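Let's talk through the salt bridges in this one. Here's the model to look at while we go.

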Amino acid sequence: PTDLVGVHVTVSAGPTVEDLDPVRFLSNRSTGTMGFELARALAERGAEVTLITGPVHLNTPPGVRRMDVRSADDMACAMAQTWTTTDAVIMSAAVADYRPAVLANTKLKKSPGEMTLNLERTEDILATLGGRQDRDGKLLVGFAAETEQVVERAQDKLLRKGLDWIIANDVSGAQIGFGAGDNAGILIGRAGEMIRLERMAKAEFADTLIDHLSAALRGSP
Ligand code: CTP
């Protein structure tokens, strides 16, 4: 189908990398696969797609505009740049919640005994977008990786961040989500919709998700 012609969707993908010194960083195991598959699925249906990605080893899907970033801060800046022209944002990136409070410009040297690393909060990109005055009906979709009380916590996140939809993943097993080939979850809508998505390969998961979100995406400004 070419049902998404004329709709601009911004997708985020991958991990963010928070530098500690010139050779060390904090990051996570996200591979970017879910976000890249979503970008592919959207572009195949005719959407104009901007893909903002942290460092990953994946090829850009055909027809997708890619912006490479490193840190949560970089991702927030790139998101702010595409905001005015985008109709919808799907945040599948595993954005770091904390970064080192001090970025050393020379390599940190070891010393005897323990070391304490001070961390500070990064910006919650989705929450910032959800609270923007100029949101104008733009559709916001997030992911919630949880290991317990999956639905309740995802619903809480949806409300707290002002989202329209959230995909709740149970990541307590190693078979789905982070770094795995498959995904499974529950798509939860602001109006109380609950759509169970059984375990499937991430490419198929992306296509199924866009099937369910297609009407909402077409209705975004
Ligand atoms: N997210 C974001 N900016 C951040 C952190 C997360 O936009 N600094 C987005 C993610 O891309 C994802 C959703 O928010 O769509 C996940 O929410 P979050 O509260 O970060 O989930 P957890 O990391 O699981 O958080 P918590 O520790 O609160 O459970």
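Q: Arg40 and Glu37 both sit in helix H1, so about how many helical turns separate them?
A: This is a predicted model, and in it the side chains of Arg40 and Glu37 meet in a salt bridge, with N to O at 2.6 Å. Both belong to helix H1, which covers residues 33-44, and they are three residues apart there. That spacing puts them apart by about one helical turn.

Q: Is Arg40 buried or exposed?
A: The cut-off for buried is under 20% relative accessible area. Arg40 comes in at 16% relative accessibility, so Arg40 counts as buried.

Q: Which residues are linked with Arg40 in a network of salt bridges?
A: The Arg40 pairing with Glu37 is a salt bridge in its own right. The network takes in Arg40 along with Glu37, Glu44 and Asp207.

Q: How many residues apart in sequence are the parts that Asp211 and Arg45 tie together?
A: Asp211 forms a salt bridge with Arg45, and their closest N and O atoms are 2.6 Å apart. Asp211 is in helix H5 (residues 202-219), while Arg45 is in the loop between H1 and strand S4, so the parts they tie together are apart in sequence by 166 residues.

Q: Which strands does the pair Arg199 and Asp182 tie together?
A: The side chains of Arg199 and Asp182 meet in a salt bridge, 2.8 Å from N to O. Arg199 lies in residues 194-201 and Asp182 in residues 182-189, so the strands tied together are S12 and S11.

Conventions:
Residues numbered from 1 in each chain as written. Predicted model: local features only at pLDDT ≥ 70, side-chain atom pairs only at ≥ 80, totals over all residues. Heavy atoms only, no water. Salt bridge = Lys/Arg side-chain N within 4 Å of Asp/Glu carboxyl O. Helix = DSSP H or I, 4+ residues; strand = E, 2+ residues; numbered from the N terminus. Buried < 20%, exposed > 50% of the residue type's maximum accessible area, 1.4 Å probe, protein only.
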